[in-house]
Every structure is written in structure tokens, then in C-alpha cells.
Amino acid sequence: MHSFDDFRDIVKADEPLAPHLWFRLGGPAAFLARPRTLDELVGLLRRCRDESIPFKVLGGGSNVLVRDEGVKALVLHLESPAFSDVTIRDGRIEAGAAVPLTALISQSTRAGLAGLEFLTGIPGTVGGALLGNAGDRQVSIGQLVDRVTVIDAAVEIKVRDRDDLRFADRESNLDELVILSAEFALERANPEVVVRRMRRIWIVKKENQPYGHQSSGCIFKNPTTDLSAGMLIEQAGLKGTRFGGAEVSDRHANFIVAQPGASTSDVLHLIDQIRQRVWQQFGYELELQIQIW
Ligand SMILES: Cc1cc2nc3c(=O)[nH]c(=O)nc-3n(C[C@H](O)[C@H](O)[C@H](O)COP(=O)(O)OP(=O)(O)OC[C@H]3O[C@@H](n4cnc5c(N)ncnc54)[C@H](O)[C@@H]3O)c2cc1C
């Protein structure tokens, strides 16, 4: 049994994770840590490395589904002000990993910078968005990032420049221990024009996605750039299909929403059902976009 007695102010044992997740489902973390400083984060990572303790990083919890039995690891929840700084200088914005995307967009817009507004309506933080190269079908966050500061496998702080970074469909090569911050190069623009663009994006998203429900965004990646997983699921006649408390959203077939009483195993069962049906009907093997812990 691991002990984090010397970190007792910031590490709690057997802590519920569901309140930190957009799905609001799943069991507890064996340990949940909320490091308040970079030194505390580095100390925890060294402990994990030295004692071979598994760990995971949690950002905004909008792309993670936790199994009902919980997570047998130390979950590092990055949320403190130490990881939430935003600095704007010479058309560039540098943001800590825990900065919510909403704050990133609003601060850059206020400073007369444009380019990040396609992230409107995407929940989560800079760290989670970079790892999964969040975006829409045209633009992803990886296209705008110039430099990322990380903690690498040797628990050293390193800067990854544009040339070191690779982004693909909802994935990146940022398989480091922790993403700490990122720098974006943006264009100058009139804030009123950017706000109008953001409003238009938000109207379309609100119309097409089940905000206000417990969900984790799109469950599956699109099989190809011009073939959407949501369309295949809809054409397979699965919209509205339920298993226990989990339901394929009526509004967007690539979303599963959790109704009252739902469990993670309901969601996983529905995921299997969707995969099987899409495979049988169309011959596509749907790949998960969400992270299952
Ligand atoms: C209603 C809704 C709509 C959505 N719409 C979209 C959309 O349009 N486009 C889109 O791309 N996504 C969308 N998503 C998915 C999700 O919002 C994004 O993937 C988001 O960027 C995840 O960020 P997060 O901070 O919540 O990450 P988490 O869910 O906390 O974590 C996701 C992954 O990132 C890792 N991670 C998080 N922070 C760090 C860090 N600092 N260092 C290292 N690893 C880290 C975690 O370990 C995990 O593997 C949507 C989700 C919801 C609920």
C-alpha cells in the first residue's frame, strides 16, 4: 500500500472522481492529488517514478470516462492557480495547462487577437485540448500552438518547439508526463468581429450538441476526414437507443448522455452495441475518442 503522508495536505485517499467529470460517472481514485505549486507536482511525479506508482493527469474532465470500480492510481488534478496563468505579449498568448478553453478564448479576444474562436463551446483545459488536439473538422488547436512546456519522463521540465510537435486527428505526440503550458501565435483582429464569429459558432453548436446533459463529447473518432462517426451511428438507426441509464443522444448520435441512475458499465455496454452495429452494417471499426480510465 502506497503512502503519501508527507503530501497529506494535497493528497486524499479513495476520493470520488465523478464530481470532476462531465459524465459525472464512475468510481473513486485510489489517490487524488491537487498540487498547488510546480514543486509539489514535481515531488509527486518523482515519488510515482521512484516507487513505480501509476498515475494519471486530470484536466477539465470533459474527455474522460472512469470505470465503476474506480482508478487504481494517483490522479493528479491540475486546477490550481499555479497552472492557470495567462500572459499576452506581442500577438502571442501563453497559457498554463489548467486554463479553461473559455478563459483562453475570452482573454485573447479582449486583447484583440483572433484564431482560437473555433474552440468556442469545447469544454476542458489547455492541457487536455493539446493532448487530444481538440477542434472541429476544419481547425484544431495543434495548428496554432508554437511551443509547449512539459515535464518529461525523467521528471525534467522541457520545452517542445513547433518542429518537435505532431498533431493528427484528435491526437498528438505529447505523450509526456504532464503538459505544463503552451504558447500560441495569433493574428490581430477587431474584438467585435471575433465575438460575432464566436456567437455564430456557439449558436450552431448549441443547436447540434446536447449541452446541459452529462456526456463527454464525441465518443468516437470520425473514420475518415469526410465520413462522420455520428452520421454512421444515425444511419444505423441508433439515435435514442438506451442501455440502462445511458442513451445515444437524439441531438448528436456521436454523443452518449447519462440519464439519472446511469453507470459507467451502461455507457460501455452502449459503446459496444454501437461498434458492433456500425461494423455489421457499414464495415467501419469505430475508434474511441474519449479516454476510458
Ligand atoms: C459537451 C462537450 C462538447 C465537446 N465538444 C468537443 C469538440 O467540439 N471538439 C473536441 O475536440 N472535443 C470536444 N469535447 C471533448 C473535450 O472537451 C476535449 O477533448 C477537451 O479538450 C478535453 O480537455 P480536458 O481538460 O477536459 O481533458 P480531460 O478530460 O481532463 O483529459 C483528457 C485527456 O487529456 C489528458 N490531460 C489533461 N490535462 C493534461 C495535462 N496537463 N498534461 C497531460 N495530459 C493531460 C488526460 O490525462 C486525459 O488523457 C467535448 C466535450 C463535451 C463534454
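Q: What makes residues in the lining of the second largest pocket nonpolar, polar or charged, and how many fall in each class?
A: The lining divides into five nonpolar, four polar and two charged residues. Ala, Val, Leu, Ile, Met, Phe, Trp, Tyr, Cys and Pro count as nonpolar, Asp, Glu, Lys and Arg as charged, and the others, Gly among them, as polar. The model is predicted: local features need pLDDT of at least 70 and side-chain atom pairs pLDDT 80 or more, while totals for chains, interfaces and linings use all residues. Residues are numbered from 1 along each chain as its sequence is written, and side-chain values use heavy atoms, without hydrogens and water.

Q: Which residues line the second largest pocket?
A: The lining consists of Leu38, Ala82, Phe83, Ser84, Asp85, Thr87, Glu94, Ala95, Gly96, Leu180 and Ser181. Lining residues have an atom within 4 Å of a pocket point. Strand 7 (92-96) and strand 13 each give two or more residues to this lining, and strand 7 has the largest share, three residues. The space in the second largest pocket is about 180 Å³.

Q: What makes Val57 a polar contact of the ligand?
A: A backbone N or O atom of Val57 lies 2.5 Å from a ligand oxygen atom. A polar contact is a pair of N or O atoms within 3.5 Å, and the Val57 pair at 2.5 Å therefore qualifies. Backbone N or O atoms of Gly59 and of Asn63 each lie 2.7 Å from an oxygen atom of the ligand.

Q: How much of the ligand's accessible area does the protein cover?
A: On its own the ligand has 970 Å² of accessible area, and the protein covers 95% of this (Shrake-Rupley method, 1.4 Å probe).

Q: Which elements give two or more residues to the shell around the ligand?
A: They are strand 3 (55-58), helix 3 (126-131) and strand 13 (178-185). Helix 3 gives the largest share, four residues. Elements are DSSP runs, with at least four residues for helices (H or I) and at least two for strands (E).

Q: How many residues surround the ligand, and which are the closest?
A: There are 33, and the closest are Val57, Gly59, Ser62, Asn63 and Thr125 (near: a heavy atom within 4 Å). By class, the shell has 16 nonpolar, 15 polar and two charged residues.

Q: Why is the ligand said to lie between domain 1 and domain 2?
A: Domain 1 (5-80) and domain 2 (84-206) both give residues to the shell, so the ligand lies between them. The bounds come from an automatic or database domain assignment, which also gives domain 3 (229-292). The centres of domain 2 and domain 3, taken over C-alpha atoms, are 29 Å apart.

Methods. A polar contact is a pair of N or O atoms within 3.5 Å; within protein, one must be able to donate a hydrogen and the other to accept it, and residues adjacent in sequence count only if both atoms are side-chain atoms. On a 1 Å grid over the protein atoms alone, a cavity is a set of points where a 1.4 Å probe fits but cannot get out, and a pocket is an open set with protein on both sides within 12 Å along at least five of seven lines; lining residues have an atom within 4 Å of a point. Grid points are joined across faces, edges and corners, and a volume is the space filled by probe spheres set on the points.
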